[in-house]
Amino acid sequence: PSRTRAHHVQEQKYENWSFLPSRYVLDTSNLTNQNTNSLWTMHLDLYAILHTWPSGKRGLLVDFLLKRQEGNNKTLLLQVLLDMVLHDSPLQTLSRLFGLIHSVCYEAQVQVARQKRSKPEAGAEGKPPDSKNQTGRGNKSAADEKANHKNHTNHNKNTHNKHNNKPQRWNAYQVISQGDICDFVFEKALSKGKSSRKLVPYVVEFVRSASRHLLKISDKLNLFLVQLLLKDKRYFELHQYLQYHVLADSHEFAKALISRKDEYEPAYQLGLDMLYRVGLFAEIMGELLDQDQILEALQLVPHTSAVFKQEGLKPSDFLRVARKIGKASTFFTCYRFFQARNQALRSSPVFQPEDDCDEFVRLFERNFRKSSETSFT
């Protein structure tokens with residue numbers, strides 16, 4: 001507006017104003033805390049919102065609860081999901097909610113990874129002090145300061161990684177972990193009488209949604225799904241999930257499968273195959289040795305492998321199992337295997353005292369050095 005118009009407005013600006021009565025004005029002189037200059041506060045009753053929210057708009061309710069920063073909103077959100085699972089809500093509806101939860105988890109992990117990448121770059125901008133022209137005492141002080149600074153930096157980095165491996169929030173959203181869903185939704189639904197056959201589709205959809213958002217599936221969730229499948233003897237589905245990598249390979253998962261061999265015999269081989277895929281050959285050899293499958297164990301690694309230095313997988317352990325089997329060809333093959341190992345590592349096939357194989361050397365000499373001997377004792 002022009003200066004004339006602005007001057008006119010300035011003169012007339014108080015003509016139509018009305019002021020609050022004095023009883024509505026907060027007297028700040030009598031306040032104990034001068035920072036609470038407010039007439040009133042508002043509190044949201046989340047329980048009332050939860051019970052009056054339209055059932056057809058659960059997605060908006062989950063989005064609303066994810067944005068809450070205070071109170072027991074996380075418990076309410078998990079309760080909403082639990083009620084939907086118990087009341088057999090459509091899988092498509094829960095799929096959208098799982099997608100929303102996993103998208104927040106993914107963005108939170110990306111944010112944490114970005115912060116970890118940017119932190120070393122920010123620290124690289126400073127230059128260490130030049131201590132070439134300082135005295136010996138000064139050099140020692142500078143070195144001590146540098147070491148203290150390095151230790152302090154490593155401590156901060158470890159603390160940062162410790163607290164950010166599982167981010168709690170992303171922007172205005174709260175992060176709901178897979179463990180929360182497994183503990184307070186799926187396992188609680190099972191304890192409340194939900195049929196495992198009806199619960200499996202929800203768990204599988206949750207796993208599929210997490211994989212779609214490039215999230216690693218936790219071992220706990222994998223084991224819970226396997227428990228449900230084995231409980232209903234749905235072995236064909238278990239094979240399918242492993243074949244198409246719906247269930248991620250891990251050491252804990254493989255050990256759980258091996259422990260189920262009495263309940264489902266092929267689970268033992270499935271567990272060994274998983275250990276092989278993750279490269280845990282020592283674990284495989286230990287399991288085969290427990291089953292007296294000694295030749296199969298020796299075929300996994302070359303005779304020069306360092307795995308034979310581990311406790312329980314030393315040459316004496318293999319020879320002891322071979323003697324227990326009582327088959328001459330098995331003991332002979334195992335003994336020759338470790339003789340070849342000694343030759344490759346020590347340039348001599350002779351066992352050393354630390355190998356603790358004296359009794360097996362005598363057994364080999366007694367049974368295989370004489371051509372007339374045909375029995376193995």
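**Figure 1. Overview of the protein chain.** The protein chain contains 17 helices and two strands; helices (H or I, at least four residues) and strands (E, at least two) are DSSP runs, numbered from the N terminus. This is a predicted model, in which local features need pLDDT of at least 70 and side-chain atom pairs count only at pLDDT 80 or more, while totals for chains, interfaces and linings use all residues. Residues are numbered from 1 along each chain as its sequence is written, and side-chain values use heavy atoms, with hydrogens and water left out. Of the 377 residues in the protein chain, 33% are buried; buried means under 20% relative accessible area, exposed over 50%, and partly exposed in between (1.4 Å probe, protein chains only). The accessible surface of the protein chain is about 24400 Å², and carbon and sulfur atoms contribute 51% of this area. Accessible areas come from the Shrake-Rupley method with a 1.4 Å probe, and for residues only the protein chains shown count as cover. Among contacts in the protein chain with a separation of 6 or more, 62% join residues 24 or more positions apart, where contact means heavy atoms within 4.5 Å.

**Figure 2. Packing of helix α7 against helix α8.** Helix α7 spans residues 178-191 and helix α8 spans residues 196-212; their axes come within 10 Å and cross at roughly 170°. Axes are lines fitted to C-alpha atoms, for helices over the stretch in contact, and angles run from 0 to 180 degrees between N-to-C directions. The two helices α7 and α8 are therefore roughly antiparallel to each other, a term for angles over 145 degrees (under 35 is roughly parallel, 65 to 115 roughly perpendicular, and the rest oblique). On the α7 side, Q178, I181, F186, A189 and L190 make the contact, and on the α8 side S196, L199, Y202, V203, F206 and A210 do so. By class, the contact of α7 with α8 comprises nine nonpolar, two polar and no charged residues. In this classification, Ala, Val, Leu, Ile, Met, Phe, Trp, Tyr, Cys and Pro count as nonpolar, Asp, Glu, Lys and Arg as charged, and the others, Gly among them, as polar.

**Figure 3. I181 and the largest nonpolar core.** The largest nonpolar core has 87 residues, and those touching the most other members are I181, F186, L199, F308 and F318. Such a core is a set of buried Ala, Val, Leu, Ile, Met, Phe, Trp, Tyr and Cys residues joined through side-chain atoms within 4.5 Å. When neighbours within four places in sequence are set aside, I181 contacts L78, L81, I101, I176, F186 and F206.

**Figure 4. Buried Q178 and E205 in helices α7 and α8.** Q178 belongs to helix α7 and is buried, its relative accessible area being 12%. Apart from residues up to four places away in sequence, Q178 touches F206, A210, L215, K216, I217, S218 and L221. The C-alpha atoms of Q178 and L221 are 7.3 Å apart, although 43 residues separate the pair in sequence. E205, in helix α8, counts as buried at 11% relative accessibility. Residues up to four places away in sequence again excluded, E205 touches L91, S95 and F98.

**Figure 5. The loop between α10 and α11.** H245 is located in the loop between α10 (235-243) and α11 (251-259). The phi angle of H245 is near 60°, a positive value in a residue other than glycine, and H245 counts as exposed at 54% relative accessibility. D249 is placed in the loop between α10 and α11 and counts as partly exposed at 29% relative accessibility. Not counting residues up to four places away in sequence, D249 touches M274, R277 and V278. D249 and G271 are 22 residues apart along the chain, with their C-alpha atoms separated by 9.4 Å.

**Figure 6. The loop between α14 and α15.** P302 occupies a place in the loop between α14 (294-298) and α15 (315-325) and counts as exposed at 52% relative accessibility. Beyond its neighbours within four places in sequence, P302 is in contact with F308 and F337. P302 and F337 lie 35 residues apart in sequence and 9.5 Å apart from C-alpha to C-alpha. Q310, in the loop between α14 and α15, is partly exposed with a relative accessible area of 39%. From C-alpha to C-alpha, Q310 and A282 are 8.3 Å apart in space, with their positions 28 residues apart in sequence numbering.

**Figure 7. S347 in the loop between α16 and α17.** S347 is found in the loop between α16 (328-346) and α17 (358-368). Phi of S347 takes a positive value, near 65°, in a residue other than glycine. S347 is exposed, with a relative accessible area of 60%.
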